[in-house]
Amino acid sequence: MGSNLKSQNNIGVLLVSHGSSLSHAKNTFDEIHSLFMEATDYVSEVGYMKVAKPSLSKAIDNIVSKDENIKKIIAMPVFLANGIHTNIDIPIMLGLNPKETDPRFPDGNYPEGFYLSEAEPINFKGDIELLDPIGPDPLLIDIIEKRIASALKESKIDTSPDKTGVLIISHGSRLNYNREFITDVFNQYKSKTDYVVGQGFMELMEPTIPQAVNNLVENNDLDRLIAVPVFIAPGVHTRRDIPTILGLIDDDLANSHSHHDSSGHSHSSSSHSHGDSHSHHHESSGHSHGDSHHHHHHHNEKIEFDGEVLYTDPIGADSILIKIIKERIENKINEI
């Protein structure tokens with residue numbers, strides 16, 4: 001615990017998440033909040049943009065109900081990169097001005113039924129300050145290194161580091177923020193490791209995951225590939241979509257939604273052909289794009305690799321992530 005900043009400054013903390021219908025995601029953010037409370041003495045809550053509860057408005061009500069002296073809320077988006085959610089949706093939901101013009105509705109008028117037009121009003125009369133998302137913090141590289149070390153313990157082959165490749169995987173977005181974020185993370189990790197490193201996007205951007213894998217394999221003599229999903233919470237993307245693209249689960253199993261948790265296991269695979277497109281809910285992974293979209297999983301793209309594929313867990317409620325969030329909030333409070 002630090003000095004009792006909450007009572008000195010009458011400040012509450014709102015951790016903002018996207019929200020998901022999947023229990024994996026909500027459990028992760030519940031754990032993030034629990035660890036954050038253990039590490040700090042702020043009055044705090046997690047609030048969700050949609051699907052999960054409490055809403056952002058209700059979470060702020062909960063903060064004030066815990067301490068009626070709260071005069072200011074620091075809102076921290078627990079997202080990895082900037083995007084429509086962090087720059088437009090969350091500010092509007094918090095009663096603030098959006099950071100940029102909404103490309104979906106440039107005039108700022110949202111149709112009936114659109115989630116921003118149905119957002120609950122904020123009852124809090126004090127100040128709300130919205131921070132930037134996590135971004136390419138150097139400490140994220142430490143988490144990636146931890147996930148890789150853990151996955152290597154599951155390896156079934158004996159090979160050298162120069163025959164091991166690492167693939168950094170991100171969601172992809174129609175906006176450029178996601179590429180800027182993951183390219184920065186990729187460059188930081190590449191500068192710290194002796195492994196051959198590539199990066200690929202699950203959708204909407206290139207290189208796709210198959211393109212990135214094939215590029216690594218064509219230019220290097222690899223026996224083993226470690227795939228690292230740079231997402232915060234486990235969910236549909238990390239448990240179904242990416243493993244399907246990598247050939248770790250087959251399409252029929254993916255379509256049935258009845259596969260096991262593929263995190264952290266090894267899989268030896270020959271050339272894979274990856275099939276059907278899937279429509280599904282977002283997971284709360286820190287990605288930033290529009291509310292509704294169709295997921296395309298790269299028809300006719302084949303991964304030409306017959307070595308071992310190790311697939312790591314996502315970031316999760318890692319103590320290093322808690323440290324990043326805590327430091328961002330304390331730095332802001334120290335400015336006040």
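Visitor: In this predicted model, which residue of β4 is the bridge partner of lysine 72?
Guide: Strand β3 covers residues 72–77, and β3 pairs with β4 in the parallel sense over 4 bridges. Lysine 72 therefore belongs to β3, as strands are runs assigned by DSSP. Its bridge partner in β4 is aspartate 127.

Visitor: In what order do the 4 strands of the open sheet lie?
Guide: The pairing in this sheet is parallel. The edge strands, each pairing on one side only, are β2 (43–48) and β4 (127–130). From one strand to the next the twist averages 25°. The order is β2-β1-β3-β4.

Visitor: What angle does the direction of helix α4 make with that of β4?
Guide: Helix α4, residues 84–93, packs on the sheet. Its contacts there are with β1 (11–17), β3 and β4. The angle with the direction of β4 is about 165°.

Visitor: And what angle does the direction of helix α10 make with that of β3?
Guide: Helix α10 spans residues 319–335 and also packs on the sheet, touching β1, β3 and β4. Its direction makes an angle with that of β3 of about 145°.

Visitor: Which residues of β4 point to one face and are buried?
Guide: The side chains alternate along β4. Asp127 and Glu129 point to one face and are not buried. Those that point to the other face and are buried are Ile128 and Leu130.

Visitor: Against which elements do the buried residues of α3 pack?
Guide: Helix α3 runs over residues 56–66. Its buried residues are Leu56, Ser57, Ala59, Ile60, Asn62 and Ile63. In an α-helix, residues three or four places apart point the same way, because there are 3.6 residues a turn. The elements that the buried residues of α3 pack against are β1, β2, β3, α4 and β4.

Visitor: Are α7 and α8 parallel or oblique to each other?
Guide: Two packed helices are described by the angle between their axes and the distance between the axes. For α7 (residues 209–219) and α8 (residues 236–246) the angle is about 40° and the axes are 9 Å apart. Roughly parallel would require an angle under 35 degrees. The two helices α7 and α8 are therefore oblique.

Visitor: How do the residues of the contact of α7 with α8 divide by class?
Guide: The crossing of α7 and α8 is right-handed. On α7 the contact is made by Ile209, Pro210 and Val213, and on α8 by Ile242, Ile245 and Leu246. The division is 6 nonpolar, no polar and no charged.

Visitor: Is α5 roughly parallel or roughly perpendicular to α6?
Guide: The axes of α5 (residues 139–152) and α6 (residues 177–192) come within 10 Å and cross at roughly 65°. The range counted as roughly perpendicular is 65 to 115 degrees. Helix α5 is therefore, with respect to α6, roughly perpendicular.

Visitor: How many charged residues does the contact of α5 with α6 have?
Guide: Helix α5 passes α6 in a right-handed crossing. From α5 the contact takes Leu140, Ile141, Asp142, Ile144, Glu145 and Ile148, and from α6 Phe181, Val185, Gln188, Tyr189 and Lys192. By class there are 7 nonpolar and 1 polar, and the number of charged residues is 3.

Visitor: Where does proline 207 lie?
Guide: Most peptide bonds are trans. The bond from glutamate 206 to proline 207 is cis, with omega near 5°. Proline 207 lies in the loop between β6 (196–201) and α7.

Visitor: Which residue precedes the cis peptide bond to proline 54?
Guide: Proline 54 lies in the loop between β2 and α3. The bond is cis with omega near 5°, and it runs to proline 54 from lysine 53.

Visitor: Is valine 51 buried or exposed?
Guide: Valine 51 is in the loop between β2 and α3. Its phi is positive, about 70°, although valine 51 is not a glycine. With a relative accessible area of 54%, against a cut-off of over 50%, valine 51 is exposed.

Visitor: What is the relative accessible area of leucine 204?
Guide: Leucine 204 lies in the loop between β6 and α7, and has a positive phi near 70°. Leucine 204 is partly exposed, with a relative accessible area of 35%.

Methods
Residues numbered from 1 in each chain as written. Predicted model: local features only at pLDDT ≥ 70, side-chain atom pairs only at ≥ 80, totals over all residues. Heavy atoms only, no water. Pairing = 2+ DSSP bridges. Axes fitted to C-alpha atoms, helices over the stretch in contact; angles between N-to-C directions. Contact = heavy atoms within 4.5 Å. Parallel < 35°, antiparallel > 145°, perpendicular 65-115°, else oblique. Left-handed = near helix turned anticlockwise from the far one by under 90°. Nonpolar A, V, L, I, M, F, W, Y, C, P; charged D, E, K, R; others polar. Buried < 20%, exposed > 50% of the residue type's maximum accessible area, 1.4 Å probe, protein only.
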